[in-house]
Amino acid sequence: MNSDQKIPPKKMNLTIENLAQAVFIVNRHAKTAPNPKYLYKLKQESLKKLIDEGRAKKIGLHFSNNPKNSQQQSDVLVECGGYLFHIPPTKTDFINLPHLGKLDGHIRNPKAKLSLNAAKAMLQSYTGITNQDSSPSNHRYKSRTYQKPIFKKLGERYS
């Protein structure tokens, strides 16, 4: 790994290709992260902003490979800089977008060489979203200070 991949550059080039690569890296790491909520939020907000700016476009709806509590669930297919992504649909997406059926497993995104930290830094500077909870999984394991037990003689009251 190069030293420039560990530390994000001070002046980032926010082209469509670079942003699409960053979204791809964040999405790939979110699939296996222990707490993926922040990474998925960063992906979704980045794609939403790219769509609003006209730098990405919604193509259609796909049936989801992993529906949550139902038998069928659809996701919106978004194209951005040669990459394809899925985001949750809105009500207007069901009206305005064509349904493309099942996901084609033969279509793959191009490879991207970017570290997760650089990708997160790029998307954070683009969207303005920051990670509020720096240690997401450690909040329930905070160490408590030891409190010595109080023993009273039989019949005495605690006051």
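At 51% relative accessibility, lysine 57 counts as exposed, since the cut-off for that label is over 50%. The model in question is a predicted one. Lysine 57 is part of strand S1, and once its neighbours within four places in sequence are set aside, its contacts are Leu77, Val78 and Glu79. Glycine 81 sits 24 residues from lysine 57 in sequence, with 9.9 Å between the two C-alpha atoms.

That brings us to the sheet. It is an open one of 3 strands, ordered S1-S2-S3 and paired antiparallel. In general terms, strands of a sheet pair through backbone hydrogen bonds, and the pairing can be parallel or antiparallel. Strand S1 (57-63) and S3 form the edges here, each of them pairing on one side only. On average, and with direction ignored, neighbouring strands are turned by 30° against each other. Strand S2 (residues 74-80) and S3 run antiparallel and are joined by 5 bridges. Across from leucine 84 in S3 stands glutamate 79, a residue that also turned up among the contacts of lysine 57.

Two helices go with this sheet. H2 packs on it, touching S2 and S3, and the direction of H2 makes about 50° with that of S3. Helix H3 (residues 37-53), for its part, lies across S1, S2 and S3 and runs at about 115° to S3. Arginine 28 belongs to helix H2 and, at 40% relative accessibility, is classed as partly exposed. From arginine 28 to tyrosine 40 the step is 12 residues in sequence and 9.9 Å in space, C-alpha to C-alpha.

Now for the rings. A pair of aromatic rings is described by how far apart the centres are and by the angle of the planes. The structure holds 2 aromatic pairs. In one of them, phenylalanine 24 and tyrosine 83 have ring centres 5.4 Å apart and planes at 40°, so this pair is tilted. The partners come from distant parts of the chain: phenylalanine 24 is in helix H2 (residues 16-30) and tyrosine 83 in strand S3 (residues 83-87), which puts them 59 residues apart. Both phenylalanine 24 and tyrosine 83 are buried. Tyrosine 83 also pairs with phenylalanine 85, with centres 6.2 Å apart and planes at 10°, so that pair is stacked. The ring pairs thus tie Phe24, Tyr83 and Phe85 into a cluster. As for burial, tyrosine 83 has a relative accessible area of 4%, and phenylalanine 85 comes in at 2%, so phenylalanine 85 is buried too.

Another ring has a lysine for company. Lysine 49 lies over the face of tyrosine 126, at 4.5 Å from the ring centre.

Last, there is a loop residue to mention. Serine 115 is found in the loop between helix H4 (91-96) and helix H5 (116-127). With a relative accessible area of 11%, serine 115 is buried, because anything under 20% falls in that class. A polar atom of the serine 115 side chain lies 3.2 Å from the backbone nitrogen of alanine 118.

Conventions. Residues numbered from 1 in each chain as written. Predicted model: local features only at pLDDT ≥ 70, side-chain atom pairs only at ≥ 80, totals over all residues. Heavy atoms only, no water. Helix = DSSP H or I, 4+ residues; strand = E, 2+ residues; numbered from the N terminus. Buried < 20%, exposed > 50% of the residue type's maximum accessible area, 1.4 Å probe, protein only. Polar contact = N/O pair within 3.5 Å; in protein donor to acceptor, adjacent residues only side chain to side chain. Phe/Tyr/Trp six-rings, centres within 6.5 Å; stacked < 30°, edge-to-face > 60°. Lys NZ or Arg CZ within 6 Å of the ring centre and 35° of its normal. Pairing = 2+ DSSP bridges. Axes fitted to C-alpha atoms, helices over the stretch in contact; angles between N-to-C directions. Contact = heavy atoms within 4.5 Å.
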